[in-house]
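Visitor: I have a structure open and would like to learn how to read its features. Could you walk me through a few?

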Amino acid sequence: MTTETDTDDAPPVRSQEPADVARRIEAILLIVDEPQSLVALAAAVGAPVPAVRQAVEGLVADYDGETGGPRRGFELREVGGGWRLYVRDEHDDLIAEYVGGQAPSRLSQAALETLAVIAYKQPVTRSQVASIRAVNVDSVVRTLLARGFITELFTDPETGAINYGTTDALLVNLGINSLDELPHISPLLDDGSDGFDAEVLR
């Protein structure tokens, strides 16, 4: 007998039409910070891996202008065994100019804490930062990337996780020549099991 609880716990039934699967994949790709494997995408959108592979191939062709439409300013690229949206290389200067021209604003406490963790623990992945701070840091990492304080150093070939590090822009804003001039608090940053003590930054 089906109970109310059984019904509530049942996963939603989603359309398996190729166009619908592709749209759901796009929605996921717009919010992720790290490359997603076909298996991970399949689980996220509720579709078989072969259907997801076909949809991804179709999106790549669409963004590249191979299906009759315009070539987009972004591309769907496979990196480290996963898929993620990237701005095309020819627009790097444009993006740097745009981001650099934005009115400066003060970083939030959450952004400062995240930046401190990255500065002392780099290279470090987003999930490692989240473990240390004991909170989700997705939006904060995006903010720091947009402000040019951190950058993607490399992608782990096994996990697909992006490792982040700080940029020269951080040194300029802090008025120091190298990270060696930062206060020696790194021994206080553990592996994240006890969380990150925000008081260290004050």
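**Pocket and rings**

Guide: Happily! This is a predicted model. Let's begin with the largest pocket: β1 (74-79), β2 (82-87), α5 (92-100), α8 (138-147) and β4 (150-155) each give at least two residues to its lining.

Visitor: How does one find such a space, and what is the volume of the largest pocket?

Guide: Rolling a probe the size of a water molecule over the atoms shows where empty space is left. Here, the largest pocket has a volume of about 880 Å³.

Visitor: How many residues line the largest pocket, and which lie nearest its centre?

Guide: The lining has 24 residues, and R84, V87, I95, L145 and E152 lie nearest the centre. By character, the lining holds 13 nonpolar, three polar and eight charged residues.

Visitor: Now the rings. How should I read an aromatic pair, and how many are counted here?

Guide: A pair of aromatic rings is described by the distance of the centres and the angle of the planes. The count here is one aromatic pair. Y63 and F74 make up that pair, with centres 4.8 Å apart and planes at 65°, an edge-to-face arrangement. Because Y63 belongs to helix α4 (residues 49-63) and F74 to strand β1, the pair ties together parts 11 residues apart in sequence.

Visitor: Are Y63 and F74 buried or exposed?

Guide: Y63 is buried, at 2% relative accessible area, whereas F74 is partly exposed, at 31%.

Visitor: Which charged residue has its charged end over the ring of Y86?

Guide: The charged end of R84 sits over that ring, 5.0 Å from its centre. R77 also lies over the face of Y86, at 4.2 Å from the ring centre.

How values were computed. Residues numbered from 1 in each chain as written. Predicted model: local features only at pLDDT ≥ 70, side-chain atom pairs only at ≥ 80, totals over all residues. Heavy atoms only, no water. 1 Å grid on protein atoms, 1.4 Å probe; cavity = no way out; pocket = protein on both sides within 12 Å on 5 of 7 lines; lining within 4 Å. Points joined across faces, edges and corners; volume = space filled by probe spheres on them. Helix = DSSP H or I, 4+ residues; strand = E, 2+ residues; numbered from the N terminus. Nonpolar A, V, L, I, M, F, W, Y, C, P; charged D, E, K, R; others polar. Phe/Tyr/Trp six-rings, centres within 6.5 Å; stacked < 30°, edge-to-face > 60°. Buried < 20%, exposed > 50% of the residue type's maximum accessible area, 1.4 Å probe, protein only. Lys NZ or Arg CZ within 6 Å of the ring centre and 35° of its normal.
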